[in-house]
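Thanks for coming, everyone. I'll walk you through one structure today, helix by helix, and I'll keep it short.

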Amino acid sequence: MRAKLSYAVTAAVLVFYFVLVGSRGVMLIQAGTLLTVTFGVAVLILPVIGVWFLWKNTQFVRRANALAAALDAEGGLPVDELKRTASGRVDRDSADEVFDRRKAETEAAPDDWRTWFRLAVAYHDARDTPRARKAMQRAISLHDGKPVQTV
């Protein structure tokens, strides 16, 4: 619940920022000179890109949460079996061991979205966010029946 609240607050702050920047872009355009119109258009591009990015990220999070709920309903969510240090950080060797198992599981069933979901969690636990995101995107594509791009 705390993560959802943090995400909502961050999204609200970003939307406020986009509106603020967008209004400044409109003011620049309304000034009517070549220079201010050029800057106004450039300033308006930033909120458009920001809104697009926020929308795509929100869609990703919603789809990943839907997969987590589906996997939980099946009883297939990965159990947190990681060893932790005294400070609470994940032990690297423990994360590597779990990752190796998840990778082998995914290689054995590459068309199963469940294995890709669990691999994404293992990547996340190993602090490899880009690969975690790619694995989760693949899980979402497999779940939705969309063709998966191989890189």
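**A walk along the helices**

Let's begin at the start of the chain: the cover over the buried residues of α1 includes α2, residues 34-74. Before I go on, please keep in mind that this is a predicted model.

So, α1 itself. This helix runs over residues 2-31, which is 30 residues, and from its first C-alpha to its last it reaches 44 Å, close to the 44 Å expected at 1.5 Å a residue. Its buried residues are Ala 11, Phe 18, Val 21, Gly 22 and Gly 25. Right after α1 comes Gly 32, with a positive phi near 90°.

Now hold on to Ala 11 for a second. Ala 11 and Trp 55 are 44 residues apart in sequence, yet 9.7 Å apart in space, C-alpha to C-alpha. Trp 55 sits in helix α2. Is Trp 55 buried or exposed? Its relative accessible area is 54%, and the cut-off for exposed is over 50%, so Trp 55 is exposed.

Okay, on to α3, residues 92-108. With 17 residues at 1.5 Å each step, α3 should span 24 Å, and its end C-alpha atoms are indeed 24 Å apart, so the two agree. Which residues of α3 are buried? They are Ser 94, Ala 95, Val 98, Phe 99, Arg 102 and Thr 106. If you look down the axis of α3, those buried residues fall within an arc of 130°, so they line one face of the helix. Here's the background for that: an α-helix has 3.6 residues a turn, so residues three or four places apart point the same way. Turned away from the buried side of α3 is a face with the exposed residues Asp 93, Glu 107 and Ala 108.

And what covers the buried side? Part of the answer is α4, residues 113-125. α3 and α4 pack at an angle of about 160°, and their axes are 9 Å apart. That makes the two helices roughly antiparallel. The crossing of α3 past α4 is left-handed. On the α3 side, the contact is made by Ala 95, Phe 99, Arg 102, Lys 103, Glu 105 and Thr 106. On the α4 side, the residues making it include Thr 115, Trp 116, Leu 119 and Tyr 123.

Let me zoom in on Thr 115, which belongs to α4. Thr 115 has 3% relative accessibility, so it counts as buried. Leaving out residues up to four places away in sequence, Thr 115 touches Glu 105, Thr 106 and Ala 109.

Next pair. α4 packs with helix α5, residues 129-144, at an angle of about 165°, with the axes 8 Å apart. These two are therefore roughly antiparallel to each other. Their crossing is left-handed. From α4, the contact residues include Trp 113, Phe 117 and Ala 120, and from α5 they include Ala 132, Met 136 and Leu 142. Trp 116 and Tyr 123 are worth pointing at: they take part in the contact with α3, and they also take part in the contact with α5.

Last stop is the loop between α4 and α5, where you'll find Arg 127. In general, most residues other than glycine have a negative phi. Arg 127 isn't a glycine, but its phi is positive, about 65°. With a relative accessible area of 55%, Arg 127 is exposed.

That's the tour. Any thoughts are welcome.

Key:
Residues numbered from 1 in each chain as written. Predicted model: local features only at pLDDT ≥ 70, side-chain atom pairs only at ≥ 80, totals over all residues. Heavy atoms only, no water. Helix = DSSP H or I, 4+ residues; strand = E, 2+ residues; numbered from the N terminus. Expected span 1.5 Å × (residues − 1). Buried < 20%, exposed > 50% of the residue type's maximum accessible area, 1.4 Å probe, protein only. Arc of directions from axis to C-beta. Contact = heavy atoms within 4.5 Å. Axes fitted to C-alpha atoms, helices over the stretch in contact; angles between N-to-C directions. Parallel < 35°, antiparallel > 145°, perpendicular 65-115°, else oblique. Left-handed = near helix turned anticlockwise from the far one by under 90°.
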